[in-house]
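The following exercises concern one protein structure. Please work through each task with the sequence and the coordinates at hand before reading the solution.

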Amino acid sequence: MMDARWDVVGIGENSVDHVLRLPALPGPGSATKFQVSSTSHEPGGQIVTALCTCTAMGLRASYVGVFGDDDDGTRLRAALESRGLDLTHAPVRPAPNRSAVILVDERNGDRVVMAHRDAALALTPEMLPRAALARARVVHVDGVDEASSIEAARLGRAAGAQVTCDLDAIGAGTAALLAELTIPILAQGLPEAITGEADPERALRKLPAANARLRCVTLGAEGALLLDGDRVIRCEAPAVEVVDSTGAGDVFRGAFIVALLHGDPPERLLRFATAAAALSCTRHGALGGVPTLAEVEGWLRRV
């Protein structure tokens, strides 16, 4: 049976987040014991959060990644399926699911993430659903299992898909992956680290991504920057009361994909994605912060 036509197929990370909210994050010279204000276990992971943003805004999305067979993995699968995410190509392995401990500063929503993944949860290129990738409008990858992300990006681009990414660190395969992307969306500081250019705009221009006309970097509280060929577009982040910034970059990417597939012009696309990310910061958790299409559009009409 032929794979369905997907708006977006995402390849990469899922996680169960164990969130500890603190009056302040530990720092140099701070105390060695802290009173935790509250705790929660929440579904997360950069790729699935982006995909759930897409489904919340009306797109059809399929996830390619590996789950553990423990209670965390079982609950996470159920949470993702309840949000409309297809898990046909997401196998379960006998291992604990990937998890992360996230420390959240209650004063400003800043966080520190500490993650662990069992080696049994690695996604190999042989596990990729080639038919699904060939029928996707967008293929979205991260840098966790680089060989699989590179192959998925190659297959998607060869089939005519837009290929986006969530990269926040340099890996052994970063150059090969950049060569396959059509729209790199990089974390703050990464274009500079890759190119050696101190300025983010110059770094994006110098990025070794020959197939990318649109190039984007998220800038945290400063918003985001997008290159459309030679044209630079900047969007400041709306002022919000930040509760938790966990997942904001993932929501940005999901909203970016939504606006891209809606055919929005670059200025509108960047404004929409930036607004969605800011709105997510006003709520707790990665998936808990995912807004709907109506919420973002309504907010944009008011600001």
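**Exercise 1. Determine how helices H8 and H9 are arranged relative to each other and which kinds of residue form their contact.**

Solution. The axes of H8 and H9 come within 8 Å and cross at roughly 145 degrees. Axes here are lines fitted to C-alpha atoms, for helices over the stretch in contact, and angles run from 0 to 180 degrees between N-to-C directions. Helices (H or I, at least four residues) and strands (E, at least two) are DSSP runs, numbered from the N terminus.

The model is predicted: local features need pLDDT of at least 70 and side-chain atom pairs count only at pLDDT 80 or more, while totals for chains, interfaces and linings use all residues. Residues are numbered from 1 along each chain as its sequence is written, and side-chain values use heavy atoms, with hydrogens and water left out.

Next, list the contact, meaning heavy atoms within 4.5 Å. From H8, the participants are Ala248, Val251, Phe252, Ala255, Phe256, Val258, Ala259 and Leu260. They meet Leu269, Leu270, Phe272, Ala273, Thr274, Ala276, Ala277 and Ser280 of H9. Sorted by class, the residues of this contact comprise 14 nonpolar, two polar and no charged. In this sorting, Ala, Val, Leu, Ile, Met, Phe, Trp, Tyr, Cys and Pro count as nonpolar, Asp, Glu, Lys and Arg as charged, and the others, Gly among them, as polar.

**Exercise 2. Establish the strand order of the sheet and locate the two helices against it.**

Solution. Four strands form an open sheet with mixed pairing, in the order E11-E12-E13-E14. Strands E11 (185-186) and E14 (231-235) are the edges, each pairing on one side only. Two strands pair if DSSP finds at least two bridges between them.

Helix H8 (residues 248-261) packs on the sheet and touches E11, E12 and strand E13 (224-228), its direction making about 150 degrees with that of E12. Helix H9 (residues 266-280) lies across E12, E13 and E14 and runs at about 30 degrees to E14.

Now take the pairs in turn. E11 and strand E12 (residues 214-218) run parallel and are joined by two bridges. Ile185 stands opposite Cys216, and Leu186 has Val217 as its bridge partner. E12 and E13 are antiparallel, with five bridges; Arg215 is partnered by Leu227. The hairpin of these two strands has five residues between them, and Gly220 in the hairpin takes a positive phi near 60 degrees.

**Exercise 3. Why is E12 described as largely enclosed, and what does Thr218 touch?**

Solution. Five of the five residues of E12 are buried, so the strand is largely enclosed by the rest of the structure. Buried means under 20% relative accessible area, exposed over 50%, and partly exposed in between (1.4 Å probe, protein chains only). Leu214, Cys216 and Thr218 point one way from E12, whereas Arg215 and Val217 point the other way.

Thr218 counts as buried at 13% relative accessibility. Leaving aside neighbours within four places in sequence, Thr218 is in contact with Ile185, Leu186, Ala187, Gln188, Gly223, Ala224, Phe252 and Arg253.

**Exercise 4. Describe the surroundings of Pro291.**

Solution. Pro291 lies in the loop between H9 and helix H10 (293-302). Its relative accessibility is 0%, so Pro291 counts as buried. Not counting residues up to four places away in sequence, Pro291 touches Ala56, Met57, Val251, Ala276, Leu279, Arg283 and Val296. The C-alpha atoms of Pro291 and Ala275 are separated by 10.0 Å, although these residues are 16 apart along the chain.
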